[in-house]
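Please open the structure in your viewer and keep the selection tool at hand. The tour below proceeds from one selection to the next.

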Amino acid sequence: YQLIESYADIDYSCEAALELATLLQAQHEYLDDDKRYGTAPVENPYYEEAYDICQRAIDRHPKYVRINALKNLQETLKMPSLNVNTNHIQYPGKDFEMKISHKNVKNAILKIYKISDDAISYNEKKNKSSKDCISDKSQLAGRYEINFADDEIFRQNDTTLTLSLGCGIYE
């Protein structure tokens with residue numbers, strides 16, 4: 001911070017601002033392993049600060065030759081993310097829970113298809129292809145529009161969606 005402020009009038013201070021903002025963006029690498037290696041993305045408490053550092057440098061020197069590097073970092077910080085976690089096996093009669101972590105996402109559409117194949121055929125197709133196994137015979141079991149609360153721009157939010165599905169294979 002001191003270097004950036006000391007040379008704020010010189011356009012090369014944008015390079016120091018870019019370096020500091022990049023370090024703040026990567027700060028999640030130093031969070032606890034339990035958080036970093038969990039199933040959901042880790043919220044980085046420094047994203048807003050990194051964004052603000054970029055914005056101050058852009059405001060001070062809008063014609064700097066590498067100003068787009070700061071703008072690109074800002075866009076990266078604002079990038080939406082959506083992560084869905086479910087149990088792969090669901091027991092009959094139990095509700096199906098989807099844990100959704102999201103950042104900078106206002107809404108999403110979830111489509112669930114009931115697969116018409118038997119379990120053996122489905123697994124054979126699944127193992128041969130990295131794509132989904134939805135065939136023409138599969139039926140749309142549900143279409144859900146999810147509207148997320150309008151939260152802070154850099155904040156990771158969690159939502160749980162609970163569904164009742166009958167017996168079968170779903171994708």
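Select Glu97 and Lys99 to begin: in this predicted model, these two residues form a salt bridge, and their closest N and O atoms are 3.5 Å apart. Glu97 is found in strand 2. Is the glutamate buried, exposed or partly exposed? Glu97 counts as partly exposed, because its relative accessible area is 40%, between the limits of 20% and 50%. Lys99 is likewise partly exposed, with a relative accessibility of 46%.

Keep Glu97 selected and add Thr162. The two residues are separated by 65 positions in sequence, yet their C-alpha atoms are 4.5 Å apart in space.

Next, turn to the other salt bridges; the whole structure holds five. One of them joins Glu75 to Lys78, with 3.3 Å between the closest N and O atoms. Select residues 67-78 to display helix 5, where both partners lie. Glu75 and Lys78 are three residues apart, which is about one turn of the helix. Both are partly exposed: Glu75 has a relative accessibility of 47%, and Lys78 has 28%.

Now select Arg143 and Glu145, whose side chains meet in another salt bridge, at 2.9 Å from N to O. Here the partners fall into separate classes of accessibility. Arg143 is partly exposed at 44%, whereas Glu145 is exposed, because its relative accessible area of 57% is over 50%.

Move on to the largest pocket, which has a volume of about 710 Å³. Which of its 25 lining residues should be selected to find the centre? Asn87, His88, Phe96, Tyr170 and Glu171 are the closest to that point. Then colour the strands that contribute to the lining: strand 1 (81-86), strand 2 (96-103), strand 3 (107-115) and strand 6 (169-170) each supply at least two residues. Strand 3 gives the most, with four residues. By character, the lining comprises 14 nonpolar, eight polar and three charged residues.

For the last stop, select Leu3, Tyr7, Ile10 and Tyr12. Together these residues make a nonpolar surface patch of about 470 Å². Leu3 is located in helix 1, which covers residues 2-6. Where does Leu3 stand, buried or exposed? Leu3 is exposed, since its relative accessible area of 54% is over the 50% limit.

Definitions and conventions: Residues numbered from 1 in each chain as written. Predicted model: local features only at pLDDT ≥ 70, side-chain atom pairs only at ≥ 80, totals over all residues. Heavy atoms only, no water. Patch = residues over 30% accessible without salt bridge, like charges linked within 9 Å, V, L, I, M, F, W, Y side chains within 5 Å. Areas by Shrake-Rupley, 256 points an atom, 1.4 Å probe, with all protein chains shown as cover. Salt bridge = Lys/Arg side-chain N within 4 Å of Asp/Glu carboxyl O. Buried < 20%, exposed > 50% of the residue type's maximum accessible area, 1.4 Å probe, protein only. 1 Å grid on protein atoms, 1.4 Å probe; cavity = no way out; pocket = protein on both sides within 12 Å on 5 of 7 lines; lining within 4 Å. Points joined across faces, edges and corners; volume = space filled by probe spheres on them. Nonpolar A, V, L, I, M, F, W, Y, C, P; charged D, E, K, R; others polar.
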